[in-house]
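Do you have your viewer open and a selection box ready? Here is a short tour, one stop at a time.

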Amino acid sequence: MMVSHGLYGTLWMLSCFGLFLSEDLQFSGPANGAVGGSVVFAPDNPPSTSNDAVQWHFGTAIIVTALSDSTTIASAYRDRVSFDKNTLALELWNLTLNDSGIYRLTVLPSAGGQLTGETLLQVLENITNVRLIGPEESLIEGESSANISSEGTGSITSVQWMKDNSPLSPSNSIIFSSDNRSVSISPVQRSDSGEYQCTYRNPVSSETATLNLTINYGPEDVSIKGEDVVDLGVRVSLSCSANSEPAASFNWKINGTDTDVTTDTFIIDETDFTHSGDYICTAWNSVTKRSASQKHALLVKVGGRGGGGLSSGAIAGIVIGVLVAVAGICGLIVYLTKTKKISKINLRQNGPARGAAQSRQEPDLNYADISHFQKAGGERVNLGNKSEFSTEYAEVKHGGKSRAPPPPYGSQVRK
């Protein structure tokens, strides 16, 4: 009984004066636990010999007392504490915020003396319901500002921002709030588009929220890809593109005239000469309300080896010339048919009389000069009379291998 009384007296002294004992038992550092979770306290250097008595305290309150033949747990911890005599480890579960504080271990080795040590527990609420709140309106490059704020519940010890999995750093246009829970971007640029991540952390939990930000811009850098010169009767495809967010819509004009093509590709199944001209593609952004255009010249030519051929203008000129010539011939025939008679045709020799030898070597060249016609009423019509608006005439010539010059314009042969 006296031994037992002496042992309990020693434990009482340890309880009262333990805070003044030297610390011989080492712990790895402060312990952290989550509300509702568990934690284990264990010294890094437990005694290698048997112990006569071990006691754990929280503040001044005894949690557990272990003697060589018994272990006693305080009623306040009975349903959530376990103790290991070999390692001197104390496990505490169903943690609450009130469990935060200093925990002290006291040991009386059988070899004599005493060992003490203490550790700190911090109980934290798990982080939950983290989310990001961003702008609801459309953001336009160079015009809009974006504010992103974060919120969540739990014990928050740090807030970290990322963009596309890389740290987001402050700059002239990116400013963080003093508590680091919101960020402002002004003005926004297209490079600000991407996924923003905000992580709330504490030593026992973390949670991340994400937000996608889209910066609208353009259209710009409109370009048209396709051939410049094509053969008649081939298939042609012109492709229009532009840098734009969101993707631009397109419309096409040919030589300033609207078409019904509203896609990025203009297709001609079979070219003809009417397809030559300037093709204008206009890109439109429905969010930025901006547009930009590009022009592409296309020439349709007659196909041929070696890349030769006439342009559409040259061919049109030839066709018109042929038609005019045919019309003139037809008109002359009709006129000559209707004319009653030719008043006078003068046949003249070309040049002065020639010698016999010269005449034998080269025959005289003659021509017919129609000097005037007779109208249907019988009166004469002089050639070249500008006052006679009904005058019609033709110059008819015939000759051999060379031609003589005609008589002076407007001259007439006497009867």
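The stops below go from the whole chain to sheets, rings and a few backbone details.

**The whole chain**

Keep in mind that this is a predicted model. Start with everything shown as a cartoon: there are three helices and 30 strands. Of the 415 residues, 32% count as buried. Now switch on a surface, which comes to about 24600 Å², with 52% of that area belonging to carbon and sulfur atoms. If you look at contacts with a separation of 6 or more, residues 24 or more positions apart account for 59% of them.

**First sheet**

Next, pick out the open sheet of six strands, ordered β1-β9-β8-β3-β4-β5 and with mixed pairing. At its edges you will find β1 (31-34) and β5 (71-73), each paired on one side only. Looking across this sheet, neighbouring strands are turned against each other by 20 degrees on average, direction ignored. Zoom in on residues 61-67, which make up β4; this strand pairs with β5 in the antiparallel sense over three bridges. Show Thr 65 and you will see Thr 72 of β5 standing opposite.

**Aromatic rings**

Stay with side chains for a moment and select the aromatic residues. The structure holds seven aromatic pairs. One of them is Phe 41 with Trp 56, a tilted pair at 6.0 Å centre to centre with 35 degrees between the planes. Phe 41 sits in strand β2 (residues 38-41) and Trp 56 in strand β3 (residues 51-58), so the pair links distant parts of the chain, 15 residues apart. Both Phe 41 and Trp 56 are buried.

Now jump to Phe 266 and Tyr 279, an edge-to-face pair with 5.4 Å between centres and 75 degrees between planes. Here strand β24 (residues 265-268) supplies Phe 266, and strand β25 (residues 277-285) supplies Tyr 279, 13 residues apart. Are these two rings buried or exposed? Phe 266 is buried, because its relative accessible area is 8% and the cut-off for buried is under 20%. Tyr 279 is buried too, with a value of 0%.

Go back and select Phe 27, Phe 41, Trp 56, Phe 58 and Tyr 103 together: ring pairs link these residues into a cluster. For a ring with a charged partner, try Tyr 217, where Arg 190 lies over the face at 3.9 Å from the ring centre.

**Second sheet**

Tyr 279 is in β25, and that strand also belongs to your next selection: an open sheet of five strands in the order β20-β26-β25-β22-β23, again with mixed pairing. The edge strands are β20 (229-231) and β23 (257-258). Strand β22 (residues 249-254) pairs with β23 in the antiparallel sense over two bridges, and Lys 253 stands opposite Asp 258 in β23.

**Backbone details**

Show the backbone at Ser 186 and Pro 187, joined by a cis peptide bond with omega of about -15 degrees. Pro 187 is in the loop between β16 (182-185) and β17 (194-202). Another cis peptide bond runs from Glu 245 to Pro 246, with omega near 0 degrees; Pro 246 lies in the loop between β21 (236-245) and β22.

Finish at two asparagines. Asn 129, in strand β10 (residues 128-133), has a positive phi near 55 degrees. Asn 165, in the loop between β13 (158-163) and β14 (166-167), has a positive phi near 70 degrees. Asn 129 counts as exposed because its relative accessibility is 56%, and Asn 165 is exposed with 58%.

Notes:
Residues are numbered from 1 along each chain as its sequence is written. This is a predicted model: local features need pLDDT of at least 70, side-chain atom pairs count only at pLDDT 80 or more; totals for chains, interfaces and linings use all residues. Side-chain values use heavy atoms; hydrogens and water are left out. Rings of Phe, Tyr and Trp (its six-membered ring) pair if their centres lie within 6.5 Å; planes under 30 degrees apart count as stacked, over 60 as edge-to-face and the rest as tilted. Helices (H or I, at least four residues) and strands (E, at least two) are DSSP runs, numbered from the N terminus. Buried means under 20% relative accessible area, exposed over 50%, partly exposed in between (1.4 Å probe, protein chains only). A charge sits over a ring if NZ of Lys or CZ of Arg is within 6 Å of the ring centre and within 35 degrees of the ring normal. Two strands pair if DSSP finds at least two bridges between them. Axes are lines fitted to C-alpha atoms, for helices over the stretch in contact, and angles run from 0 to 180 degrees between N-to-C directions. Contact means heavy atoms within 4.5 Å. Accessible areas come from the Shrake-Rupley method with a 1.4 Å probe; for residues, only the protein chains shown count as cover.
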